[in-house]
Amino acid sequence: AKQIPTPLRSTADQLIRAATSVALNLSEGNGRVGRDRSHLWRIAYASAKEVDTCLRLLIHAGAVDTTQDSHAASLFDEVRAITWRLLHPTDSR
């Protein structure tokens, strides 16, 4: 995101902030219990979706190499899946 042309810099900066939010909210949620925990994990999930949207905007603008973007998109897809499972645990019976 640091090599993005100036007109798209705000989108790249938002991508970085959203990606940071994912990690920080997952970490903080891990240290909490109850509704606090799930609230922070929901924020992390939403921020991971925001990263995906920023990536798609930058790709559409031609500002991101498609090989780099697919790797990053894949990683955040995994993060969303993991976070979804944290928020929706299956019955262990």
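Visitor: R9 in this predicted model: how does its relative accessibility count, buried, partly exposed or exposed?
Guide: Let's go by the cut-offs: buried is under 20% relative accessible area and exposed is over 50%, with partly exposed in between. R9 comes in at 29%. That value sits between the two limits, so R9 counts as partly exposed.

Visitor: Which side chain does R9 meet in a salt bridge?
Guide: Stay inside helix α1 and look 4 residues along, which is about one helical turn from R9. In general, an α-helix has 3.6 residues a turn, so residues three or four places apart point the same way. The partner there has a relative accessible area of 28% and is partly exposed. The N to O distance is 3.7 Å, and the partner is D13.

Visitor: Which residues are linked with R32 in a network of salt bridges?
Guide: Start with the pair R32 and E28, whose closest N and O atoms are 2.5 Å apart. R32 is partly exposed at 31%, and E28 is partly exposed too, at 36%. The network also takes in an aspartate, so the residues linked with R32 are E28 and D36.

Visitor: R80 and D77 form a salt bridge; which of the two counts as buried?
Guide: Both lie in helix α3, 3 residues apart, about one turn of the helix. Their closest N and O atoms are 3.1 Å apart. D77 has 43% relative accessibility, so that one counts as partly exposed. The other has 13%, which is under the 20% limit, so the buried one is R80.

Visitor: How many salt bridges does the count come to?
Guide: We've met some of them already, including D13 with R9 and R80 with D77. In general, side chains of opposite charge can pair when their charged atoms come close. With a cut-off of 4 Å between nitrogen and carboxyl oxygen, the count comes to 5.

Visitor: Moving inside, which helix supplies the largest share of the largest nonpolar core?
Guide: That core has 13 residues, and those with the most contacts inside it are I4, L15, V51, L58 and F76. α1 (9-30) and α2 (34-60) each supply at least two of its residues. The largest share is 5 residues, and it comes from α2.

Visitor: What does V51 touch, leaving out residues up to four places away in sequence?
Guide: V51 is among the residues with the most contacts inside that core. In soluble globular proteins, nonpolar side chains tend to be buried together. Here V51 touches L15, A18, A19 and F76.

Visitor: And S47, is that serine buried or exposed?
Guide: S47 sits in helix α2. Beyond its neighbours within four places in sequence, S47 is in contact with A18, S21 and V22. Its relative accessible area is 6%, under the 20% limit, so S47 is buried.

Visitor: What covers the buried residues of α1?
Guide: α1 has 22 residues and reaches 32 Å from its first C-alpha to its last, close to the 32 Å expected. Its buried residues are A12, L15, A18, S21, V22, N25 and G29. What covers them includes α2 and α3.

Visitor: Which element has the lowest mean pLDDT?
Guide: Across the protein the mean pLDDT is 89, and 95% of residues reach 70 or more. Among the elements, α1 has the highest mean, 95. The lowest, 86, belongs to helix α3.

Key. Residues are numbered from 1 along each chain as its sequence is written. This is a predicted model: local features need pLDDT of at least 70, side-chain atom pairs count only at pLDDT 80 or more; totals for chains, interfaces and linings use all residues. Side-chain values use heavy atoms; hydrogens and water are left out. A nonpolar core is a set of buried Ala, Val, Leu, Ile, Met, Phe, Trp, Tyr and Cys residues joined through side-chain atoms within 4.5 Å. Buried means under 20% relative accessible area, exposed over 50%, partly exposed in between (1.4 Å probe, protein chains only). Contact means heavy atoms within 4.5 Å. pLDDT is the predictor's confidence in each residue, from 0 to 100. The expected span of a helix is 1.5 Å times one less than its number of residues.
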